[in-house]
Amino acid sequence: MLFGLWRAAPPLLMSLLICLALAGCLSAGDGQMDEQRNPHFIAGKERLASRDYAGAVAAFDKALVSNPRSALAHYELGLLHERQGERNENNFIVAMYHFKRAHDLRPNAYPADLAQVRLAACKQELLKADSLAPVAQTMQAELDRLREENVQLRKQIEAWQAQTASRAATPPMPPPVPAPAPARTQYTAAPSRPAPVAMRNDATNYARLVTPPPAVARRAHVVKANETASSIARLHRVKLQALMAANPNLDERRLRIGQSLNLPPP
């Protein structure tokens, strides 16, 4: 009797385990079906098909309000925020939250695997954005500088155009008319008269003053044998000092025959 129960036990246990597994699968499938039948979830899918992304986000948010454990709604919101992450990196953070919730609510069924893949992709995008942040700041500063230069150049061009227009509107000034030359007066030369005697005397005195004195003839003496500076001075009746002054390079002890000496005036 006992042996018969023992032999029958394994098939019974196997059947029980299979039933439990089927019950789990059916419950997971029923949960997904319930989430898909949610009117807000349906509205979100319709908005997504018509590319109304803002309306889709609002509809899936309402689906979560009515069923906070909707893994499908979390997954759809994660995809929508990931798509908007290119414009704002904060959307990647929101997408990561929804992907993690979708994975945690249903770790062994759809969409757990896809949510985990998208979660890793969002992390990569955030790391890329952090590495490019300094470059983006530098590019933004350069763009701001170029915009400011363009504004200044535009102002200068407008000012130059205004000056050019004002110059074109002003008529040119006519050239000045030369004044007529004054009439030349004809003068008749007066008859010449002899100058007064006093004026003639003054002219004579002035001519005497400005006329240089006549050049004095230069006197010289040629040294002969046995002559000295003293004997030459006595011969011409001049002082020895005056003779030496008239010949500054003269050495009286080395007179040469035929040497020419300048004689001072008597």
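Glutamate 149 is partly exposed in this predicted model, with a relative accessible area of 37%. Its side chain forms a salt bridge with arginine 145, and the closest N and O atoms of the pair are 2.5 Å apart. Arginine 145 is likewise partly exposed, at a relative accessible area of 39%. Both residues belong to helix H6, where glutamate 149 and arginine 145 are four residues apart, or about one turn of the helix.

A further salt bridge within helix H6 joins arginine 147 to aspartate 144, with 2.9 Å between the closest N and O atoms. Helix H6 spans residues 112-169, and because arginine 147 and aspartate 144 are three residues apart in it, about one helical turn separates them. Arginine 147 has a relative accessibility of 47% and counts as partly exposed, because the exposed class begins only over 50%. Aspartate 144, with a relative accessible area of 39%, is also partly exposed.

Salt bridges number 11 in the structure. One of them is formed by the side chains of aspartate 251 and arginine 254, with an N to O distance of 3.9 Å; this pair meets the criterion because the cut-off is 4 Å. The accessibility of the two partners falls into separate classes: aspartate 251 is partly exposed, with a relative accessible area of 30%, whereas arginine 254, at 64% relative accessibility, counts as exposed. The pair belongs to a network of salt bridges that links Asp251, Arg253 and Arg254. In general, side chains of opposite charge can pair when their charged atoms come close.

Helix packing was examined for H2 and H4. Two packed helices are described by the angle between their axes and the distance between the axes. Helix H2 covers residues 39-49 and helix H4 covers residues 71-83; the two pack at an angle of about 30 degrees, with their axes 11 Å apart. H2 is therefore roughly parallel to H4, since angles under 35 degrees fall in that class. The crossing of the two helices, H2 and H4, is left-handed.

On the H2 side, the residues in contact are Phe41, Lys45 and Leu48. These meet Leu72, Ala73, Glu76, Leu80 and Arg83 in H4. By class, the contact of H2 with H4 comprises five nonpolar and three charged residues, and no polar ones. Lys45 of H2, together with Glu76 and Arg83 of H4, makes up the charged group, while the nonpolar group consists of Phe41 and Leu48 from H2 and Leu72, Ala73 and Leu80 from H4.

Note on methods. Residues numbered from 1 in each chain as written. Predicted model: local features only at pLDDT ≥ 70, side-chain atom pairs only at ≥ 80, totals over all residues. Heavy atoms only, no water. Buried < 20%, exposed > 50% of the residue type's maximum accessible area, 1.4 Å probe, protein only. Axes fitted to C-alpha atoms, helices over the stretch in contact; angles between N-to-C directions. Parallel < 35°, antiparallel > 145°, perpendicular 65-115°, else oblique. Left-handed = near helix turned anticlockwise from the far one by under 90°. Contact = heavy atoms within 4.5 Å.
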